[in-house]
Amino acid sequence: MAPTNILTLGASRNIGYFAAIRLLDAGCTVTFLLRDLSVFDADETIQKYVKARKAFLLKGDGLVQEDVKHAWEESASHGLEGKVDLLLFTVGGKPSIDIRRGAVIKPHNLVTQCFLNAVCTMPPPSKQPYPKVITISSTGLTRNSHAALPILLKPLYGWLLDLPHQDKLGAERIVSHVCDMEWDPRDGPKENILPQGWQDFAGLPPKGSLRNNVLLVRPALLTDGECLADKNAKKGDKPPYRVKDVNDGEISGYTVSRKDVGHFVAQAVLEKWEEFGGKIVNIAN
C-alpha cells in the first residue's frame with residue numbers, strides 16, 4: 001500500500017516541492033514544515049490543497065528539534081490511525097561562494113543536523129511502525145562515486161562543492177547506521193559535520209531498524225530544466241532518466257533536472273517502493 005500521509009522537510013522549493021505537488025495530485029496528504037509560511041502565499045496549486053485540507057503548512061525550523069517533533073505530531077494528526085507513512089526529506093542550503101573555500105552553506109552541517117533531528121524525533125515503533133523515508137544526496141560524494149564522475153565534473157565536485165557535499169555525507173552516514181549499511185570511514189564525512197556521540201542520541205532508531213524503510217537518492221548535477229519524463233509519458237515512452245542501484249555500480253552522467261528527480265521520487269512513493277525501498281540509487285540523464 002502506497003504511503004498516503006506525508007511529512008516534508010525542505011519542500012518549499014526544488015525537488016521536494018515538485019515531488020510534493022505530484023503526491024498531492026495523487027490524493028496524498030502532505031504536511032510542510034516551513035521556516036516562512038508566506039512562501040506559498042501566491043502559490044495557487046498549494047493554496048488549492050490547503051483549502052481542501054490535503055496540504056498543511058506548519059511554521060518551524062528543521063534545526064530546532066522541538067519544532068521537528070511537533071511536525072511529526074501535527075502530521076500524524078492528519079493521517080489514518082494517527083500515523084505518518086513517509087518522511088520526504090529534501091533539505092538543502094543556498095550556498096554562497098567563498099574564493100578560498102568554494103561553496104559555503106550556513107550552518108555548515110545544515111542537512112546533517114536537520115536529518116538527525118528528524119530521525120531522533122521519529123515516532124517510536126510502540127506508537128506506529130517506523131515510517132518510510134526518502135532523502136536526497138548527490139552523486140560524486142564517496143570515493144567510488146567520485147571515480148565514476150565524468151572527468152569534467154571532478155574539479156567541480158572535488159573543490160567547489162566539497163563543503164555542501166560533506167554535509168550530505170553526514171546525512172548519508174546516519175542512513176548507513178539506521179539501515180545497517182556498510183560504510184567506509186575513508187568516505188567521510190569530516191569531523192565537524194556530525195556531533196560527537198550522535199549514535200547514542202536519545203530517540204535515534206537502533207542500528208538496522210530502518211533497514212528496508214529508507215530510499216536514498218543520489219542525483220547527478222541538478223538543473224532547472226523541464227520535466228522530460230512528462231513529455232515522454234505523453235508519447236508513451238519511458239522516463240528519460242536512468243536510475244541505478246549503487247550495488248550494481250555507479251552511473252556516469254552529467255546532469256538531471258530537479259523536476260525529473262521529483263517525478264522519480266513520486267513514482268517511487270506511489271508505485272515502486274518494492275523495487276527501490278531500502279536502496280541507494282543514482283539518477284542521471
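## Worked exercises on pockets, cores and salt bridges

Aspartate 187 is buried, at a relative accessible area of 14% (buried means under 20%, exposed over 50%, partly exposed in between, with a 1.4 Å probe and protein chains only). The model is predicted, so local features need pLDDT of at least 70 and side-chain atom pairs count only at pLDDT 80 or more, while totals for chains, interfaces and linings use all residues. Residues are numbered from 1 along each chain as its sequence is written, and side-chain values use heavy atoms, with hydrogens and water left out.

### Exercise 1: a salt bridge

Find which side chain meets aspartate 187 in a salt bridge, and work out which parts the pair ties together.

Step 1. Start with the partner. The side chain of aspartate 187 meets that of arginine 143, at 3.4 Å from N to O. That fits the cut-off: a side-chain nitrogen of Lys or Arg within 4 Å of a carboxyl oxygen of Asp or Glu. Side chains of opposite charge can pair when their charged atoms come close.

Step 2. Place both ends. Arginine 143 lies in helix α5 and aspartate 187 in the loop between α7 and β8, so the pair ties together parts 44 residues apart in sequence. Helices (H or I, at least four residues) and strands (E, at least two) are DSSP runs, numbered from the N terminus.

Step 3. Check accessibility. Arginine 143 is partly exposed at 39%, whereas aspartate 187 is buried at 14%.

Step 4. Widen the view. A network of salt bridges links Arg143, Asp184, Arg186 and Asp187. The whole structure has 13 salt bridges.

### Exercise 2: two more pairs

For arginine 101 with aspartate 98, and lysine 231 with glutamate 226, give the N to O distance and say whether each residue is buried or partly exposed.

Step 1. In the salt bridge between arginine 101 and aspartate 98, the closest N and O atoms are 3.9 Å apart. Arginine 101 is partly exposed at 45%, but aspartate 98 counts as buried at 18%.

Step 2. For lysine 231 and glutamate 226, the closest N and O atoms are 3.3 Å apart. Lysine 231 is partly exposed at 42%, and glutamate 226 is partly exposed too, at 43%.

### Exercise 3: the pockets

Describe the largest pocket and the second largest pocket by volume, lining and residue class.

Step 1. Get the terms straight. On a 1 Å grid over the protein atoms alone, a pocket is an open set of points where a 1.4 Å probe fits, with protein on both sides within 12 Å along at least five of seven lines; lining residues have an atom within 4 Å of a point. A volume is the space filled by probe spheres set on the points, with grid points joined across faces, edges and corners.

Step 2. Take the largest pocket, at about 1100 Å³. Its lining has 42 residues, and Arg13, Thr90, Val91, Gly92 and Gly93 lie nearest the centre. Elements giving two or more residues to this lining are α1 (14-25), β2 (29-34), α4 (110-120), α7 (162-178) and β9 (221-223). Helix α7 has the largest share, with four residues.

Step 3. Sort that lining by class: 21 nonpolar, 12 polar and nine charged. Here Ala, Val, Leu, Ile, Met, Phe, Trp, Tyr, Cys and Pro count as nonpolar, Asp, Glu, Lys and Arg as charged, and the others, Gly among them, as polar.

Step 4. Now the second largest pocket, at about 530 Å³. Of its 19 lining residues, Glu182, Arg218, Val246, Asn247 and Ile280 are the closest to the centre. Helix α7 gives the most to this lining, with three residues. By class there are six nonpolar, five polar and eight charged residues.

### Exercise 4: the core

Find which residues touch the most other members of the largest nonpolar core, then list what leucine 215 touches.

Step 1. A nonpolar core is a set of buried Ala, Val, Leu, Ile, Met, Phe, Trp, Tyr and Cys residues joined through side-chain atoms within 4.5 Å. The largest has 40 residues, and Phe32, Ile134, Leu215, Val217, Phe264 and Val265 touch the most other members. Helix α1 provides the largest share, seven residues.

Step 2. Not counting residues up to four places away in sequence, leucine 215 touches Val133, Ile134, Thr135, Phe264, Ala268, Trp273, Phe276, Gly278, Lys279 and Val281 (contact means heavy atoms within 4.5 Å).
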